[in-house]
Amino acid sequence: MKILTVLIILLQSSLGLAQYIPVGAITMWTDGYVVTMTNDTIRGEMRIGTLVNDSPAGVIFRNADKAKTKLKGDDLRLIAQRIPDFAYSSGYISRDREMVIFERVPNPRRSNKPMLLERLSPLEGRVALYFDVSGWKKTTEYTFGNFVLESNRQELSYIVLKNGQEPVLARRGDLEAVHEKLFGDCPTFIRNYPIATRRDWNQFGEMVAAYNELCQ
């Protein structure tokens with residue numbers, strides 16, 4: 001039985017390094033914290049107990065005496081888990097990334113129902129990028145120790161929130177409209193990325209990072 005559920009996407013050369021890579025919910029014990037819907041913060045040794053549609057449905061904490069406390073995913077606004085050191089041995093997770101973050105955001109795939117989705121972009125910035133499970137078609141799966149490696153990059157999509165407002169489903173075929181909707185209000189950005197078509201999809205992660213840097 002795998003004690004760590006980690007999605008590691010094998011990069012293809014046509015996609016570039018700017019795309020963000022999802023890590024997935026960590027189901028082994030690791031340090032972390034949660035923020036409840038009433039804005040209380042709980043820290044300690046924790047793991048994801050259950051997943052529903054790849055969204056955390058339950059978190060389990062345990063204390064020094066190994067006593068366990070369970071929290072429902074519906075009661076949480078944010079989940080942060082520290083990535084175990086051995087997870088970096090695969091080479092597909094950047095050492096710069098220390099935590100896996102899930103935030104409760106409206107999911108356009110499910111009539112904007114709020115769900116805990118993995119945040120792929122840093123916490124700072126006006127545009128936030130989230131993992132869209134439904135938009136990553138799995139083609140090949142490999143087993144490597146405690147990891148599941150998937151070759152999976154045929155037609156990616158992301159869920160994007162700008163200033164915490166209405167979510168946008170960003171897909172390759174809609175990139176021109178998404179480019180205008182998300183980035184068109186920043187002249188400095190437009191000078192660097194004046195247009196975007198489906199052929200520029202491999203630069204979408206780079207665009208998000210550039211917008212957050214240039215357009216405060």
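How many of the 7 residues of β2 are buried? The views below start from the whole predicted model and then come back to that strand.

**View 1. The whole protein, before we zoom in.** This is a predicted model, and it is built from 3 helices and 13 strands. Of the 216 residues in the protein, 48% are buried. Look at contacts with a separation of 6 or more, and you'll find that 49% of them link residues 24 or more positions apart. On the outside, the protein exposes about 11300 Å², with carbon and sulfur atoms supplying 48% of that area.

**View 2. Strand β2 and its surroundings.** Here's the reply to the opening question: 5 of the 7 residues of β2 are buried, so the strand is largely enclosed by the rest of the structure. β2 covers residues 30–36, and it pairs with β3 as well as with β6. With β3 it runs antiparallel, joined by 6 bridges. With β6, residues 76–82, it also runs antiparallel, this time through 5 bridges. To get your bearings, pick out two residues of β2. Asp31 has Glu45 of β3 as its bridge partner, while Gly32 stands opposite Gln81 in β6. One thing to keep in mind while looking at any such strand: side chains in a regular strand alternate between the two faces of the sheet.

**View 3. The turn from β2 into β3.** Follow the chain out of β2 and you enter a loop that leads to β3, residues 41–52. The hairpin made by these two strands has 4 residues between them. Which residue in this hairpin takes a positive phi? That would be Asn39, with a value of about 70° even though it isn't a glycine. And is Asn39 buried or exposed? At 52% relative accessibility, Asn39 counts as exposed, because the cut-off for that class is over 50%.

**View 4. A second hairpin, β7 and β8.** Now move along to β7 (99–107) and β8 (113–118). These strands pair in the antiparallel sense over 6 bridges. A handy landmark is Glu103, which stands opposite Leu117 in β8. Between the strands of this hairpin lie 5 residues. Ser111 sits in that loop, and its phi is near 55°, a positive value in a residue other than glycine. Ser111 is exposed too, with a relative accessible area of 71%.

**View 5. The second largest pocket.** Stay with β8 for this last close-up, since the strand turns up again in the pocket wall because 4 of its residues count as lining. How much space lies in the second largest pocket? It holds about 240 Å³. Its lining counts 13 residues, and the closest to the pocket's centre are Val52, Ser55, Asp74, Lys113 and Met115. Two strands, β4 (55–62) and β8, each supply at least two residues of the lining. The largest share, 4 residues, comes from β8. Sort the lining by class and you get 6 nonpolar, 3 polar and 4 charged residues.

Conventions:
Residues are numbered from 1 along each chain as its sequence is written. This is a predicted model: local features need pLDDT of at least 70, side-chain atom pairs count only at pLDDT 80 or more; totals for chains, interfaces and linings use all residues. Side-chain values use heavy atoms; hydrogens and water are left out. Buried means under 20% relative accessible area, exposed over 50%, partly exposed in between (1.4 Å probe, protein chains only). Contact means heavy atoms within 4.5 Å. Accessible areas come from the Shrake-Rupley method with a 1.4 Å probe; for residues, only the protein chains shown count as cover. On a 1 Å grid over the protein atoms alone, a cavity is a set of points where a 1.4 Å probe fits but cannot get out, and a pocket is an open set with protein on both sides within 12 Å along at least five of seven lines; lining residues have an atom within 4 Å of a point. Grid points are joined across faces, edges and corners, and a volume is the space filled by probe spheres set on the points. Ala, Val, Leu, Ile, Met, Phe, Trp, Tyr, Cys and Pro count as nonpolar, Asp, Glu, Lys and Arg as charged, and the others, Gly among them, as polar. Two strands pair if DSSP finds at least two bridges between them.
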